[in-house]
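Here is a friendly walk through the model in front of you. Take a look at it first, and then we can go through it piece by piece.

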There are 2 protein chains.
Amino acid sequence: MSRPTRATTLRAKVRAEMVEEIKATARRHLAEQGASNLSLRAVARDMGFVSSAIYRYFASRDELLTALIIDAYNALGTAAEAAEAAVDRADLAGRFAAVCHAVRDWARANPHEYALIYGTPVPGYRAPQDTIGPATRITNLLGAILVDGCATGALRAPADEWLAPTVAAEMAHIRDAMFPGVPPALLARGLIAWTQLFGAVSFEIFNRLDGIVVDRDAWFDYQVMALTHFIGAQP
Amino acid sequence: MSRPTRATTLRAKVRAEMVEEIKATARRHLAEQGASNLSLRAVARDMGFVSSAIYRYFASRDELLTALIIDAYNALGTAAEAAEAAVDRADLAGRFAAVCHAVRDWARANPHEYALIYGTPVPGYRAPQDTIGPATRITNLLGAILVDGCATGALRAPADEWLAPTVAAEMAHIRDAMFPGVPPALLARGLIAWTQLFGAVSFEIFNRLDGIVVDRDAWFDYQVMALTHFIGAQP
DNA sequence: TCCGAAACGAGAGCACTGCTCTCTGCCACA
DNA sequence: TGTGGCAGAGAGCAGTGCTCTCGTTTCGGA
């Protein structure tokens with residue numbers, strides 16, 4: 001305990017690099033064959049050693065998948081945050097569109113990783129505690145747009161909206177916990193926008209649009225426009 | 001060729017029953033463990049015979065899954081059609097709500113089957129031709145509401161909508177092929193409603209709402225209400 | 001009514017999977 | 001500098017999808 005966790009002993013550093021390398025290889029396999037076919041043995045083989053060696057770094061296949069899930073959430077979050085940060089703070093519609101397009105672009109570039117985090121939950125269910133932090137980066141980003149809009153007066157509650165009492169109460173609770181100053185009726189619309197964003201991206205990534213919509217870019221733009229209007233932001 | 005296909009020879013009948021029994025058993029396993037863990041051997045074992053016997057009826061595990069997918073589409077379609085048919089034809093909002101609630105109810109009652117058809121596409125991708133017919137029953141139902149509304153004048157194109165030329169052209173094409181009389185701008189909204197419906201149900205079924213929304217019924221009602229308004233139907 | 005063909009289920013076997021356990025060599029650390 | 005602990009190898013277990021072969025049963029056309 002004298003000099004206990006010398007943050008990075010050489011051994012720890014090598015180990016961390018190994019972990020990264022395994023994840024990178026697994027990610028490559030993922031991109032080629034999807035999550036359900038991800039084989040620990042194949043990953044090990046690909047790296048030139050035997051399958052049991054992987055278990056020095058990940059206790060199980062599920063643990064590897066969980067690590068990939070967390071990385072995916074973070075990659076998506078980073079991409080969206082970067083895109084949103086590049087837009088003028090006062091341009092709420094622009095910020096919203098930036099998030100939407102960043103999510104879609106990342107999903108199209110990494111469809112299997114997107115499926116990993118926004119597709120069917122694979123086993124009974126997973127989502128250990130470690131994943132919820134990275135998972136909320138997108139919602140925080142969207143929520144911040146509402147908060148800023150309300151703070152400057154650019155956004156206000158939709159006039160003629162009626163919320164069921166329980167819904168209104170839940171929205172108020174979320175507002176108090178995370179998004180100060182956003183009226184329940186507006187927050188509800190924000191939640192719908194969040195749902196719709198991932199619904200739209202999932203439909204595209206999971207081939208629901210095949211044979212229906214050809215110009216996917218234009219169609220997505222239209223959907224973003226509709227959502228922008230729905231939350232009351234001025235384009 | 002004299003009495004050639006005596007539609008149901010005894011053998012054919014027994015065979016068909018066997019197929020149904022295998023599917024039923026597989027469906028049971030599915031409900032317990034999800035699609036990725038569905039084991040042909042386990043299904044066979046459960047039915048009291050050896051795994052190779054299954055291959056007399058299904059050429060592969062994927063073929064069994066495809067059969068289950070088609071059944072799932074049909075079960076969902078039947079449920080939605082029945083619910084919608086029970087509503088007064090002139091009550092467009094009621095018909096729309098009936099479809100939405102039927103989809104959600106069926107999904108909650110059969111989450112793994114829902115995941116099978118609206119979750120991540122499992123292998124590289126499948127969706128053989130046989131699945132697209134049953135898959136369109138919901139869209140036809142939703143489209144018919146728009147068609148009827150336009151025919152009676154209860155629905156009209158949203159006034160201030162601007163569609164990109166390619167989107168407008170694609171909507172016009174879909175209208176001509178399937179939904180006569182529905183203006184492009186309204187059809188586009190209908191497509192968004194369709195996307196949003198399954199986006200909302202998927203979010204609920206795939207646990208995205210955990211820790212966010214408690215009263216799922218009220219929340220879904222609210223979403224349906226917003227969509228009803230969005231397509232211009234009077235509640 | 002009878003016989004050939006077709007269908008059927010059993011069983012062994014192949015190549016693969018995740019995971020465990022044991023063994024050995026080596027090297028970073030105290 | 002000596003060594004404890006870590007890394008990787010390898011064998012092995014139980015499970016998977018799928019193939020092939022082999023008797024048996026049973027259907028149905030002549």
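## How far to trust it

Over which residues of chain A does pLDDT stay under 50? The answer is residues 1-6, and for this stretch the model has zero contacts beyond four places in sequence. Keep in mind that the whole structure is a predicted model. For chain A the mean pLDDT is 92, and 94% of the residues reach 70 or more.

## The fold of one chain

Chain A has 11 helices and zero strands, so reading along the sequence gives the pattern α-α-α-α-α-α-α-α-α-α-α, by the DSSP runs used here. The C-alpha trace of chain A spans about 65 × 60 × 35 Å along its principal axes.

Chain A counts 235 residues, and 50% of them are buried. Among the contacts in chain A with a separation of 6 or more, 72% come from residues 24 or more positions apart.

## Two helices side by side

Helix α10 (residues 184-205) and helix α11 (residues 216-230) of chain A pack with their axes 10 Å apart, at an angle of about 170 degrees. Because angles over 145 degrees count as roughly antiparallel, α10(A) and α11(A) are roughly antiparallel to each other.

Which residues make this contact? From α10(A) come Arg189(A), Ile192(A), Ala193(A), Gln196(A), Leu197(A), Ala200(A), Val201(A) and Glu204(A). From α11(A) come Arg216(A), Phe220(A), Gln223(A), Leu227(A) and Phe230(A). By type, the residues of the contact of α10(A) with α11(A) are eight nonpolar, two polar and three charged.

## How the two chains are related

A turn of 180 degrees, with a shift of 0.0 Å along the axis, lays chain A on chain B with an RMSD of 0.0 Å. That is the relation of a two-fold axis. Both copies use the same surface, as 100% of the contact residues of chain A recur in chain B. Of the residues of chain A, Gly199(A) comes closest to the rotation axis, with its C-alpha at 2.0 Å.

## A residue to look at: Thr195(B)

Is Thr195(B) buried or exposed? Thr195(B) lies in helix α10 (residues 184-205) of chain B. Its relative accessible area is 2%, and because buried means under 20%, Thr195(B) is buried.

What is Thr195(B) in contact with, leaving aside its neighbours within four places in sequence? Its contacts are Gln196(A), Gly199(A), Ala200(A), Phe203(A) and Gln223(A). One of these, Gly199(A), is the residue of chain A that comes closest to the rotation axis. Two others, Gln196(A) and Ala200(A), also take part in the contact of α10(A) with α11(A).

Technical notes:
Residues are numbered from 1 along each chain as its sequence is written. Chains are lettered from A and ligands numbered from 1 in the order in which they are written. This is a predicted model: local features need pLDDT of at least 70, side-chain atom pairs count only at pLDDT 80 or more; totals for chains, interfaces and linings use all residues. Side-chain values use heavy atoms; hydrogens and water are left out. pLDDT is the predictor's confidence in each residue, from 0 to 100. Contact means heavy atoms within 4.5 Å. Copies are superposed by least squares on the C-alpha atoms of residues with pLDDT of at least 70 in both. Helices (H or I, at least four residues) and strands (E, at least two) are DSSP runs, numbered from the N terminus. Buried means under 20% relative accessible area, exposed over 50%, partly exposed in between (1.4 Å probe, protein chains only). Axes are lines fitted to C-alpha atoms, for helices over the stretch in contact, and angles run from 0 to 180 degrees between N-to-C directions. Angles under 35 degrees count as roughly parallel, over 145 as roughly antiparallel, 65 to 115 as roughly perpendicular and the rest as oblique. Ala, Val, Leu, Ile, Met, Phe, Trp, Tyr, Cys and Pro count as nonpolar, Asp, Glu, Lys and Arg as charged, and the others, Gly among them, as polar.
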